[in-house]
Amino acid sequence: MKVFIKDFRDESENKYVGFRIENNGNTFIIDKQLPVAAGKTQAQYVEEAFALAKPEIDAWVSDTELLNKEWNPETKVFVE
């Protein structure tokens with residue numbers, strides 16, 4: 001799984017952090033907002049936003065686990 005930052009900006013009194021997740025040729029987009037806090041670093045905002053997004057990302061990874069996998073109906077196994 002690869003994680004990319006697609007958005008990072010202030011929106012009103014919130015920090016808006018957007019992620020693009022790529023996994024096995026599939027893409028998932030998710031955004032989170034956090035309250036702006038004095039002294040917080042960009043990395044801290046990204047870390048907190050990712051922690052909020054993680055359950056949804058994990059669910060997406062699980063839901064798409066079989067996408068693009070080849071199935072052999074004769075042997076009843078996935079082709080590696």
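Is Tyr-45 buried or exposed? That one is a warm-up for the exercises below, all worked on a predicted model.

**Exercise 1. Classify Tyr-45, then work out how its ring pairs with Phe-8.**

Step 1. Tyr-45 has a relative accessibility of 3%, so it counts as buried, the cut-off being under 20%.

Step 2. Now look across at the partner. Phe-8 comes out at 28% relative accessible area, which means partly exposed.

Step 3. Check the ring geometry. The total is 4 aromatic pairs. For Phe-8 and Tyr-45, the ring centres are 6.4 Å apart and the planes sit at 70 degrees, so call this pair edge-to-face.

Step 4. Place the two residues. Phe-8 belongs to strand β1 (residues 2–11) and Tyr-45 to helix α1, so the pair ties together parts 37 residues apart in sequence.

Step 5. Don't leave Tyr-45 yet: Lys-15 lies over the face of this ring, 5.3 Å from the ring centre.

**Exercise 2. Find what Trp-71 and Phe-78 do together.**

Step 1. Start with the rings. Trp-71 and Phe-78 make an edge-to-face aromatic pair, with 5.0 Å from centre to centre and 70 degrees between the planes.

Step 2. Get the exposure. Trp-71 has a relative accessible area of 43%, so it is partly exposed; Phe-78, at 35%, also counts as partly exposed.

Step 3. Bring in Leu-66, which is in the loop between α1 (42–63) and β4 (70–72). Leu-66, Trp-71 and Phe-78 form a nonpolar surface patch, and their accessible area together is about 310 Å².

**Exercise 3. Sort the residues of strand β3 by face, and describe how β3 meets β2.**

Step 1. Recall the rule: side chains in a regular strand alternate between the two faces of the sheet.

Step 2. Apply it to β3 (residues 26–35). The covered face has Asn-26, Phe-28, Ile-30, Lys-32 and Leu-34. The uncovered face has Thr-27, Ile-29, Asp-31, Gln-33 and Pro-35.

Step 3. Look at the neighbour. Strand β2 (residues 14–23) runs antiparallel to β3, and 10 bridges join the two.

Step 4. Go to the turn. β2 and β3 form a hairpin with 2 residues between them, and Asn-23 stands opposite Asn-26. In the turn, Asn-24 has a positive phi of about 50 degrees.

**Exercise 4. Which loop residues have a positive phi although they are not glycine?**

Step 1. Set the baseline: most residues other than glycine have a negative phi.

Step 2. Take Asn-68, with a positive phi of about 70 degrees. Asn-68 is in the loop between α1 and β4, and a relative accessibility of 63% makes it exposed.

Step 3. Then take Lys-76, with a positive phi of about 60 degrees. Lys-76 sits in the loop between β4 and β5 (77–79). Its relative accessible area is 58%, so Lys-76 is exposed.

**Exercise 5. Trace the salt bridges of Lys-6 and see which network they belong to.**

Step 1. Keep the principle in mind: side chains of opposite charge can pair when their charged atoms come close. The structure holds 9 salt bridges.

Step 2. Pair Lys-6 with Asp-7: N to O is 2.6 Å. Lys-6 is partly exposed at 30% relative accessibility, and so is Asp-7 at 24%.

Step 3. Pair Lys-6 with Asp-31: here N to O is 2.9 Å. Asp-31 is in strand β3 and Lys-6 in strand β1, so this pair ties together parts 25 residues apart in sequence. Asp-31 counts as partly exposed, at 31% relative accessibility.

Step 4. Try one more bridge, between Lys-40 and Glu-48, at 3.0 Å from N to O. Both ends are partly exposed: Lys-40 has 24% relative accessibility and Glu-48 has 34%.

Step 5. Join up shared partners. Lys-6, Asp-7, Arg-9, Glu-11 and Asp-31 end up in one salt-bridge network.

Step 6. Follow Arg-9 a bit further: its charged end sits over the ring of Tyr-16, 3.8 Å from the centre.

**Exercise 6. How far apart are Ala-49 and Phe-4 in sequence and in space?**

Step 1. Locate Ala-49: it lies in helix α1. With 0% relative accessible area, Ala-49 is buried.

Step 2. Compare the separations. Ala-49 and Phe-4 are 45 residues apart in sequence and 13 Å apart in space, C-alpha to C-alpha.

Note on methods:
Residues numbered from 1 in each chain as written. Predicted model: local features only at pLDDT ≥ 70, side-chain atom pairs only at ≥ 80, totals over all residues. Heavy atoms only, no water. Patch = residues over 30% accessible without salt bridge, like charges linked within 9 Å, V, L, I, M, F, W, Y side chains within 5 Å. Areas by Shrake-Rupley, 256 points an atom, 1.4 Å probe, with all protein chains shown as cover. Salt bridge = Lys/Arg side-chain N within 4 Å of Asp/Glu carboxyl O. Helix = DSSP H or I, 4+ residues; strand = E, 2+ residues; numbered from the N terminus. Buried < 20%, exposed > 50% of the residue type's maximum accessible area, 1.4 Å probe, protein only. Pairing = 2+ DSSP bridges. Phe/Tyr/Trp six-rings, centres within 6.5 Å; stacked < 30°, edge-to-face > 60°. Lys NZ or Arg CZ within 6 Å of the ring centre and 35° of its normal.
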